[in-house]
Amino acid sequence: MAQLVSHPDEVRVVSQRFGKGAADIERHLELDGYKAVRKALEMQPDQIINEVKTSNLRGRGGAGFPTGMKWSFVPKDAGKPKYILVNGDESEPGTCKDRLILEHDPHSVIEGVMIAGLAVGAKVGYIYIRGEYRYLVDITRQALADAYAKGFLGKNIFGSGKDFDVYWHTGAGAYEVGEESALMESLEGKRGIPRIRPPFPAVVGLWGGPTVINNVESIAAIPHIILMGGQKFADLGPPKNGGTRLFCLSGHINNPGVYELPLGYPLKKLIYDVGGGIPNGRKLKAVVPGGSSTFVLTAAEAEQMNMDFDSFSKRGEFLGSGGVVMVDDQTCMVKFALRIMKFYQHESCGWCIPCREGTDWLKKTLTRFHNGGGLKKDIDNIKYLAQNMLGRTFCPLGDAAAIPTMSIVDKWRDEFEAHLEGRACPFEPESSIKELPVLA
Amino acid sequence: MAISEKLDQFFDAKMKEYPTRRSFLVPMLLYTQDELGYLTDEAVAHIAKKTDLTELEVRNVISYYSMLHTRPMGKYHVQVCTNISCMLRGGEELLDRCRHHLGIGHKQVTPDGAFSLEEVECIGACSWAPAVQVNYTFHENLTPDAMEIVLERYKKLP
Amino acid sequence: MSETKNVTITVDGKQIVAPAGTLLIEACKAVGIEVPSFCYYPGLSLQAACRMCLVRIEKMPKLQTACTVQITDGMVVTTTSDEVRQARKSMIELLLGNHPLDCPVCDAGGECELQDMTFKYGAAESRYMEGKLHKEEQQWSPVVFFDRPRCILCYRCVRVCGEGMDVWALGVQNRASGSVIAPNQDDHLQCEECGMCIDICPVGALTSGAYRYKTRPWEMKHVGTVCTHCGDGCKTTLGVRRSDTGMDIVRGDNRDKSGINGDFLCIKGRYAFDFFDHPSRLRAPLVRKHGKLVPATWEEAIERISARLKEVRDTKGGHAIGVIGSNRTTNEENYLLQKFTRIVLRSNNIDHRRTADFASFARALAGKQDATATMRDVASAPAILLIGNDPTEQHPLLAWNIRTNVRLNRAKLFVANSGDIKLRRQAAAFLQIPEGREGKFVAFLNGDDSAAGALTSAAVSNDSLKTLRDELRAQQDLVIIFGSELRGADIAAVVKFGTGIGARFICLGDYANSRGAADMGLYPDLLPGYTALTGSNKFSDEWGALPPERGLSAAEMLQAAQQGRLVALLAVGTSSGDDLAVELVDGAAAVADSLTFFQDRIAQEGFLSTGPHSWSQVVLPAASAYEKSGTFTNTCGDLQLLKKAGDIAGVKSEFEILVRLAERLGADVRKLVPFGGGVHADMGQSRGAQSGEADRHGVWLAANNLEPRLSPFDPMAILDEIQRLVPGYEFSRLGLVSGSEQHVVSVEKSNAGPGNELVQIMPANDSLFTSGALGSYSRILNSVIENRRAQPVDTEVMAD
Ligand SMILES: Cc1cc2nc3c(=O)[nH]c(=O)nc-3n(C[C@H](O)[C@H](O)[C@H](O)COP(=O)(O)O)c2cc1C
Ligand code: SF4
Ligand code: FES
């Protein structure tokens, strides 16, 4: 459904079957489908894990945790069933790549789950797809049914004597459920409240059993890593940042779309070559490098950055989820900050004080501010609130709300000042209410 | 209103894929809503029984998920994304146009029950923004005028 | 259980040694380092939601919640840095942002954890200038009110209701700042109305219908005493305030959690003190004149009773007088009552409403060591066998302890019951047996396989019975708890089975002091401590010769009354357990139809000053257990101190009444209540908020030229004698007075001799919302019953 794009710099690994009808199992098989899992069946679990470790694959969900290492945390003898859980809750603003994978190549995800299962000794996998993606649920259901019909799933898969089941599951509207422990709660039929960690899911996860949770894209990369070899995958990117990833360009950009590029690809090229630059002859003002939870970059900063995990973590920042959002110079950053906060306020699970109250308070303050009711002390207050959420909330959602807010206040303080004392929003003069709040 | 036998059997089959009875609860609620239009008291009671939960617990879960409703929504539920990627490309204008065209606001239903409107968070269509979902169908790269055409098309559906 | 080894951690430079795995917050608390918290609550699941307990732990990237971190060796923790202080301060700021700050009118004002935290850790300036959320207060039940904006979402209420009570009536709905605590029935609650949620709420979000807006916390005095309702003996702390008529009780709770009930109280212990000022409460004696009961002075009433008793005793003999004791009077009163009956009235015609067969229990356990379990044991024993009874309804604390034990210690619960009782949900094995076959079950346990036939059903197979028996036989430290379904020989049989595997026992009796009534010898054939009447014993040694022949049981007294052999009856409280009236009943005709004697009829007379008393000649208004001091022995044999809380003008304790009667009957009061010779004076510990009682002592003492230390009206004086003479009551007086319960071993030390006539056992069959006749005078219990009648819903819910 969603429109595909391409660019010569692209290196297509995960997206290699996009647009080729590979949701159909026969077509998929023609395109080397289910070869990797057959190969994995011949390998020792440790060998699989080592191959993934060698590939330097890091979690594509946002945190960038090395996938091979995560798998190796799963205890060998657990005494409880182990599970693979695929995180297809994709809700991070700016991110729309897992959607393409499930639409164009659902079997790569199924195959990835099976390989992960073989590696850690799990016999059951679940693919959790966000509720809004109903058409992907339907595609995945069909793919699973086809795989069962072929005997790839179920009892004695590929005649190996091993059993493996993969099931689909769907959410019903909740960003927080993308957080891995909340995801498990949701899959267990509960409210999406995260769990206390430790224990980590790899040790105590779904129904108390060890559980590997990976993003759709991470899992979809697995069959390719097994087939091409971990080293070859690793070599596509800079050291410790193996392979390619799907970057979703959106916002003020001429060629929005999802492009698969090697990690470490320069952001400047991503914007101006791949993305074709900023439309309407405007200038770039800000870039959200990887979903709304990341530090917002100024145009100047963006030109310096390479799109790999370590380039960002060196600065104490995050590469994020692959959702790259360009913001032009005619956009009000106060409004931008407000819209981001409105999102987190809406999506906070409400469990802990700093996130529940902090996002609510920030949203209210930013709303008033953008409407022209801002006071000078509010600017510091906004920063103060965000700082006091950072690192203190129950799960990283609080951080995700604080981070963009703090970076916007720091980098575009002048735009906040321009809104002060009843002045109209410089970018949307007509939308502001010129009224000072009544002070309590 | 109660759910169809077919749906109930589908639930029974799916519930077997999990070690606990309540696990399939969230999808069950969503599929029930798809069939009934919203989560009726009767449906809640039925699902509570099926999953060995209290109705309270089922309602606790329902109220957490933003797609689940305990009041009737329109036959066509128009969900306009105004999150950053869509906002930057005119999502708010789409919402405005929908408001005017349908004569309803956020989370309201037209008097004939045909449409309801909701401003929603990111629906995963960022690279094809601005985007709208009508029920489960995506409409992408819209302009306010295109939005109107989409709405008109739904109006004409039987 | 595997041994956990101790580890050493450093907190703020202080070394702490504690078992590995201890929660950091608890380790800190143990050495006096306070880590603030809202959501953390010992014994309930961890939440890590309020973030008040954030501390810095070396080598960890972020601040950590002390409520979830388990300590490991060498951990270095800082709780006092600027960073930690700022974190706490900001949490308070965030909470106050939406908190109504209506402290001046809030019930919790002065007792609010948020207030205290703000004072200690909080913010002076407010950064918040947006409008606050406003919502009307909601009434969820007669007991529970909810003020949403005050709620800080600590989820304590939700957990105590679900995890603790197994009721699951509260939930969390919506998300983000819309999150809200919700009741199970849309806009109201259907629950056990225990009030635990209210008690545990750190702020004034949940308040009780019984207390709201009645007073300010600092206007009350608090008296920790023992609940007067069921046989479990919860400590309840009564908040009292002076009023025109004495001392009013305005609140009940368990604020210091120091009793055997810890965190727990049921609706009765918490709210059903409100009978005390019921409009029909009798506040002056009634004397029958021209066929009608009319108010009279105490002097006149006492004179009427004593004159009549004296006349009957001296003309017809003591055997023409009967005495019925109460299950809700204190040990001291019961002891005094039987002593009075035996040595002053010269009669053994004394009995009480027996709600359990404690006499058979004593016979079965005589001579055994350490054979009874305490209420606390129920919360820690590795395994429990419950035969009969429905503790959820009849023994709420016992049920709470069982649940807590199963939940926190994974204790194994085995249940054999004819009903589908709620505790089956905690049971490792639940055996539903036909009604009345509890004895067969015990026989089966003892190896009688032929009894199996009486127990099997579709749900219970022969094999499952055998498996259960095998499993039970293998249990170590089993506690066997049984209800009044087991009596006589069945009790002997269950003791036989249990003794074989080293089990300990609890025999369940129903009212607040039913065990005490039995222990104190309210039996026609047994002296205190289940001591046989015949043969030499400490009592006759000290009191002189006692009437030698066995007296009449309650049922026999009625019969004798009908036949004209018994012509005077002194009923304390009533046999249904009420302790609010001492009545003299005269005339055979009057008792002719009185099998209702054991039912509510007399009980109500305790309250009704004008009601038709067909046969009472004199009715005396007696003090309730909340209006006097003394001791109660709960159904497990845990002895506890009662402190006087309320005071109602016009009433007197049974103790005082008995002493006065005895004096009029010519008894030597100094012998009856050996207050001069006692060693343990009550230094006022038991008098609670009152000095009125002490004043009365003072007046009496002065009038009689006696030392101002103990008076015959002081129950503590007779406690000396109880300790001296009643086998098994050799407890630590210091421990008792300092507020800890003392387990008595009266049944183990008993010497009842043979005797096994089938006595009438009349269990109370109370529910959570009833408490014999007394309960019907509680407004709160009545309104709950009313409310439930109006909204009948299937109450049982599944666990999470
Ligand atoms: C608030 C929040 C939302 C998240 N949403 C998603 C999501 O939608 N999809 C996803 O894959 N990971 C999401 N994550 C990250 C997951 O917690 C987890 O790290 C990831 O699924 C692990 O997979 P990976 O290692 O393959 O990236 C989210 C994390 C947080 C804190
Ligand atoms: S009502 Fe009280 S106990 Fe319950 S969550 Fe709110 S503050 Fe906590
Ligand atoms: S006490 Fe630790 S988070 Fe509340």
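1. A good place to start in this predicted model is helix 4 of chain C. The buried residues of this helix pack against several elements of chain C: helix 3 (113-121), strand 8 (170-173), strand 9 (180-183), helix 5 (196-200), strand 10 (206-208) and helix 12 (396-409). Helix 4 covers residues 156-164, and 9 of its 9 residues are buried, so the rest of the structure largely encloses it. Among those buried residues you will find Arg156(C), Arg159(C) and Glu163(C), along with Cys157(C) and Cys161(C). After the helix comes Asp166(C), with a positive phi near 60°.

2. Next, have a look around ligand 2. Of the 13 residues around this ligand, the nearest are Cys151(C), Cys154(C), Tyr155(C), Cys157(C) and Cys201(C). The shell is made up of 13 nonpolar residues, with no polar and no charged ones. Cys157(C) links this point to the previous one, as it is also among the buried residues of helix 4.

3. Now turn to the hairpin of chain C. Strand 1 (residues 6-11) and strand 2 (residues 14-19) run antiparallel and are joined by 6 bridges. Thr8(C) has Val17(C) of strand 2 opposite it. There are 2 residues between the strands, and Asp12(C) has a positive phi near 50°.

4. Finally, follow the chain to Leu23(C), in the loop between strand 2 and helix 1 (24-30). Is Leu23(C) buried or exposed? Its relative accessible area is 16%, and buried means under 20%, so Leu23(C) counts as buried. Beyond its neighbours within four places in sequence, Leu23(C) contacts residues including Tyr40(C), Leu46(C) and Val69(C). The C-alpha atoms of Leu23(C) and Ile71(C) are 6.1 Å apart, although 48 residues separate them along the chain.

Methods:
Residues are numbered from 1 along each chain as its sequence is written. Chains are lettered from A and ligands numbered from 1 in the order in which they are written. This is a predicted model: local features need pLDDT of at least 70, side-chain atom pairs count only at pLDDT 80 or more; totals for chains, interfaces and linings use all residues. Side-chain values use heavy atoms; hydrogens and water are left out. Buried means under 20% relative accessible area, exposed over 50%, partly exposed in between (1.4 Å probe, protein chains only). Helices (H or I, at least four residues) and strands (E, at least two) are DSSP runs, numbered from the N terminus. Contact means heavy atoms within 4.5 Å. Two strands pair if DSSP finds at least two bridges between them. A residue is near a molecule or strand if one of its heavy atoms lies within 4 Å of it. Ala, Val, Leu, Ile, Met, Phe, Trp, Tyr, Cys and Pro count as nonpolar, Asp, Glu, Lys and Arg as charged, and the others, Gly among them, as polar.
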